[in-house]
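Let's take a relaxed look at a protein chain and how its helices sit together. Have the sequence and the 3D view ready as you read.

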Amino acid sequence: VLSGMRQRHDTLVEHARLVSSELMRVAILLPELWLEALEEASRLFFRQHDPQAMLATLRPLHALMQQGPQTQREAHFYHQFALDLDDARAWCDRYEAGRARGSAGLPGHQGQ
(Lines give C-alpha, C1' and ligand atoms only; values in the text may rest on other atoms or scores of the structure.)
Protein backbone atom coordinates (compact mmCIF):
# COMPACT_ATOMS: atom_id res chain seq x y z
CA VAL A 1 0.00 0.00 0.00
CA LEU A 2 2.75 2.44 0.98
CA SER A 3 4.81 1.72 -2.11
CA GLY A 4 1.77 2.45 -4.27
CA MET A 5 1.12 5.69 -2.42
CA ARG A 6 4.80 6.61 -2.65
CA GLN A 7 4.69 6.23 -6.44
CA ARG A 8 1.77 8.64 -6.69
CA HIS A 9 2.32 10.92 -3.70
CA ASP A 10 5.96 10.65 -2.67
CA THR A 11 6.06 14.03 -0.92
CA LEU A 12 2.96 13.26 1.13
CA VAL A 13 4.33 9.88 2.24
CA GLU A 14 7.66 11.46 3.18
CA HIS A 15 5.93 14.19 5.20
CA ALA A 16 3.82 11.57 7.00
CA ARG A 17 6.98 9.59 7.82
CA LEU A 18 8.64 12.72 9.19
CA VAL A 19 5.61 13.63 11.34
CA SER A 20 5.41 10.07 12.64
CA SER A 21 9.10 9.95 13.58
CA GLU A 22 8.91 13.36 15.30
CA LEU A 23 5.84 12.32 17.29
CA MET A 24 7.63 9.19 18.43
CA ARG A 25 10.70 11.23 19.32
CA VAL A 26 8.63 13.53 21.52
CA ALA A 27 6.54 10.74 23.03
CA ILE A 28 9.40 8.40 23.91
CA LEU A 29 12.12 10.11 25.88
CA LEU A 30 15.80 9.18 25.80
CA PRO A 31 15.88 8.02 29.43
CA GLU A 32 13.04 5.60 28.70
CA LEU A 33 14.74 4.32 25.55
CA TRP A 34 18.03 3.79 27.37
CA LEU A 35 16.42 2.14 30.39
CA GLU A 36 14.57 -0.34 28.22
CA ALA A 37 17.63 -1.05 26.08
CA LEU A 38 19.95 -1.48 29.07
CA GLU A 39 17.54 -3.89 30.75
CA GLU A 40 17.30 -5.92 27.53
CA ALA A 41 21.07 -5.80 26.96
CA SER A 42 21.69 -6.96 30.53
CA ARG A 43 19.26 -9.85 30.09
CA LEU A 44 20.92 -10.86 26.81
CA PHE A 45 24.41 -10.75 28.28
CA PHE A 46 23.90 -12.26 31.73
CA ARG A 47 21.01 -14.66 31.18
CA GLN A 48 21.42 -15.70 27.55
CA HIS A 49 25.21 -15.24 27.41
CA ASP A 50 24.87 -13.48 24.05
CA PRO A 51 27.17 -10.45 23.91
CA GLN A 52 26.54 -9.98 20.17
CA ALA A 53 22.80 -9.56 20.78
CA MET A 54 23.58 -7.22 23.67
CA LEU A 55 25.70 -5.03 21.39
CA ALA A 56 23.06 -5.11 18.67
CA THR A 57 20.54 -3.83 21.22
CA LEU A 58 22.75 -0.92 22.26
CA ARG A 59 24.14 0.04 18.85
CA PRO A 60 21.06 2.00 17.62
CA LEU A 61 20.97 4.09 20.79
CA HIS A 62 24.66 4.88 20.55
CA ALA A 63 24.04 5.97 16.94
CA LEU A 64 21.19 8.16 18.15
CA MET A 65 23.53 9.79 20.67
CA GLN A 66 25.99 10.57 17.87
CA GLN A 67 23.29 12.70 16.17
CA GLY A 68 23.21 15.10 19.10
CA PRO A 69 20.23 16.47 21.02
CA GLN A 70 17.26 17.83 19.11
CA THR A 71 14.97 18.81 21.97
CA GLN A 72 15.46 20.57 25.30
CA ARG A 73 14.88 17.31 27.18
CA GLU A 74 17.43 15.52 25.02
CA ALA A 75 19.95 18.32 25.70
CA HIS A 76 19.44 17.77 29.44
CA PHE A 77 19.94 14.00 29.03
CA TYR A 78 23.08 14.56 26.95
CA HIS A 79 24.46 16.94 29.56
CA GLN A 80 23.98 14.30 32.28
CA PHE A 81 24.97 11.09 30.48
CA ALA A 82 26.77 11.72 27.17
CA LEU A 83 30.29 11.26 28.55
CA ASP A 84 29.44 7.98 30.31
CA LEU A 85 27.54 6.66 27.30
CA ASP A 86 30.36 7.66 24.96
CA ASP A 87 32.77 5.78 27.22
CA ALA A 88 30.45 2.76 27.13
CA ARG A 89 30.29 2.96 23.33
CA ALA A 90 34.09 3.01 23.21
CA TRP A 91 34.18 -0.17 25.32
CA CYS A 92 31.69 -1.81 22.96
CA ASP A 93 33.86 -0.78 20.00
CA ARG A 94 36.96 -2.20 21.71
CA TYR A 95 35.16 -5.46 22.39
CA GLU A 96 34.04 -5.78 18.77
CA ALA A 97 37.55 -4.95 17.52
CA GLY A 98 38.97 -7.60 19.86
CA ARG A 99 36.47 -10.16 18.60
CA ALA A 100 37.46 -9.33 15.02
CA ARG A 101 41.12 -9.99 15.95
CA GLY A 102 40.14 -13.18 17.77
CA SER A 103 41.09 -12.03 21.25
CA ALA A 104 39.17 -12.68 24.46
CA GLY A 105 35.66 -11.40 25.07
CA LEU A 106 34.39 -8.84 27.54
CA PRO A 107 36.25 -8.59 30.85
CA GLY A 108 34.85 -11.04 33.35
CA HIS A 109 32.76 -12.92 30.80
CA GLN A 110 33.93 -16.40 29.90
CA GLY A 111 33.14 -18.50 26.88
CA GLN A 112 32.01 -15.92 24.36
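Here is a short tour, from the whole chain down to one pair of helices.

This is a predicted model, where local features need pLDDT of at least 70, side-chain atom pairs count only at pLDDT 80 or more, and totals for chains, interfaces and linings use all residues. Residues are numbered from 1 along each chain as its sequence is written, and side-chain values use heavy atoms, leaving out hydrogens and water.

The chain has five helices and zero strands, so its pattern along the sequence reads α-α-α-α-α. Helices here are DSSP runs (H or I, at least four residues), strands likewise (E, at least two), numbered from the N terminus.

Of its 112 residues, 24% count as buried (under 20% relative accessible area, 1.4 Å probe, protein chains only). The accessible surface (Shrake-Rupley method, 1.4 Å probe) comes to about 8,200 Å², and carbon and sulfur atoms own 58% of that.

Now zoom in on two helices whose axes (lines fitted to C-alpha atoms over the stretch in contact, with angles from 0 to 180 degrees between N-to-C directions) come within 10 Å.

| Helix | Residues | Some residues in the contact |
|---|---|---|
| α4 | 51-66 | including P51, L55 and R59 |
| α5 | 72-101 | including F77, L85 and C92 |

Contact means heavy atoms within 4.5 Å. The axes of α4 and α5 cross at roughly 135°, which makes these helices oblique to each other (neither under 35 degrees, nor over 145, nor 65 to 115).

Definitions and conventions:
Buried < 20%, exposed > 50% of the residue type's maximum accessible area, 1.4 Å probe, protein only.
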